[in-house]
Amino acid sequence: MKISAWGLTILLLHLKAACETDARREGRLVKETILASSEFIGGEDGWMVLGEDVHLKVEGEYLTGSDEGQSVWFFSAPPKFLGDMRGAFHGSIKFSVGHFHANSGGKDPMKMEDVVLVSDLHNLTLIRAGIFVPWVNEQEVDVALEPRDWTHAVSQAPCSDEELLLTLSSLSGLLVRGGYYYGPEMSWIKVKAVERGEGAVKSEEEERMEERGSGLRKRSGRREEESRKTDQGKERTKDLTKFLVTFLQDVRILQQERRSVEDEIDVFDKDAEEDERLERLMLTTKQADVTRDQERGLQVEEELSSGNVQIQLLEIERMRSDEEEKTGGVLRRGDGEGEREEEATSCLCV
């Protein structure tokens, strides 16, 4: 059977898509399986050391700690390994551990717990001992998170399912032993992962994520509807904006016209006030003229009246003068006649 170039291309594309799907599925499964991990490429990645006189640093891909003598100390995990780790129930903690150099001083390693789980909230401290093989430079460790493998730090009593689950539900400390020997030593650790257990209880964060995922699916259609409504709202907003712009322009025009009318009214009022002022001034002037004419008329009448009186007085004076002149002539005539009579009498007597 012959396959055309086009058919071969389609087949290759299908194979590529299937491979990519498998790779994504595998990556997703790995991501879902690993709850926490650390790489010391850029530094300590939040890890610290619990103990005295211990020097912590990164050597390549290893986190190292060194002491100068008999010292028991632990590597302390960062916050991403703590909190609600119920998903690790029935899972495991995987890491590598070893020594660059160690001096036992002729003694066996110190006997201590190798891994410690601490829950301050529930006042629980669980330990695992006897994990490491002494005198081995490098060792791969897989610590199962099964209740039967853990004991209480103080009572050494076995751990129950409930106690391990409570501890993992609020994990406040994960310690891995670094100090083993009585003499100076330099230990290293390479943490691979804390893996999820089969049938493990989901953490609150995982439950929230699942609820969020289902909620996202439910809200997806709602978002599309809201997006459509938003677009419609934007269109309505544009139309409303255009209307408002036009309305504001009309309002500005009306305001300008109103200001023009008010200016004209002001000018008219000013003209009216000026006319009224002039009218009052003219009326005042007329009244002043009338008053002045009246005063002048009264003055003339007074002057005329005074002149008539003087004329009358002059006339009376003249008449009196005339009367006096007449009376004086008669008296003078009478005196002359008397004198003549006396003279005639005297003559007769002689």
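Strand 6 (residues 92–102) provides the largest share of the lining of the second largest pocket, contributing three residues. The model under analysis is predicted. The space within this second largest pocket amounts to about 310 Å³. A total of 21 residues line the pocket, and those closest to its centre are Pro109, Phe132, Pro134, Arg177 and Tyr180. Classified by residue type, the lining of the second largest pocket comprises 13 nonpolar, four polar and four charged residues.

Strand 6 also takes part in the largest nonpolar core. This core contains 35 residues, and Phe95, Leu117 and Trp150 are the members with the most contacts inside it. At least two core residues are supplied by each of strand 6, strand 7 (115–119), strand 9 (138–144), helix 2 (161–169), strand 11 (173–177) and strand 12 (185–195). A second core, separate from the largest, consists of five residues, among them Val116, Val118, Ile127 and Leu175.

The surroundings of Leu117 were examined with neighbours within four places in sequence left aside. On this basis, Leu117 is in contact with Leu124, Thr125 and Leu126, with Leu145 and Trp150, and with Leu164, Thr167, Leu168, Leu171, Gly173 and Leu174. Trp150, one of these partners of Leu117, is itself listed with Leu117 among the residues with the most contacts inside the largest core.

Ser170 is situated in the loop that joins helix 2 to strand 11, two elements that each supply at least two residues of the largest core. The relative accessible area of Ser170 is 15%, and this residue is therefore buried, the limit being under 20%. With neighbours within four places in sequence again excluded, the contacts of Ser170 are Gly83, Val118, Ser119, Leu121 and His122. Of these partners, Val118 is a member of the second, separate core.

Positive phi values were found at two residues that are not glycine, Asp45 and Trp135. For Asp45, phi is about 60°; the residue occupies the loop between strand 1 (34–36) and strand 2 (48–50). Its relative accessibility is 31%, so Asp45 falls in the partly exposed class, between the limits of 20% and 50%. For Trp135, phi is near 65°, and the residue lies in the loop between strand 8 (124–128) and strand 9. Strand 9, at one end of the loop that holds Trp135, is one of the elements supplying at least two residues of the largest core.

Definitions and conventions: Residues numbered from 1 in each chain as written. Predicted model: local features only at pLDDT ≥ 70, side-chain atom pairs only at ≥ 80, totals over all residues. Heavy atoms only, no water. 1 Å grid on protein atoms, 1.4 Å probe; cavity = no way out; pocket = protein on both sides within 12 Å on 5 of 7 lines; lining within 4 Å. Points joined across faces, edges and corners; volume = space filled by probe spheres on them. Helix = DSSP H or I, 4+ residues; strand = E, 2+ residues; numbered from the N terminus. Nonpolar A, V, L, I, M, F, W, Y, C, P; charged D, E, K, R; others polar. Core = buried A, V, L, I, M, F, W, Y, C linked by side-chain atoms within 4.5 Å. Buried < 20%, exposed > 50% of the residue type's maximum accessible area, 1.4 Å probe, protein only. Contact = heavy atoms within 4.5 Å.
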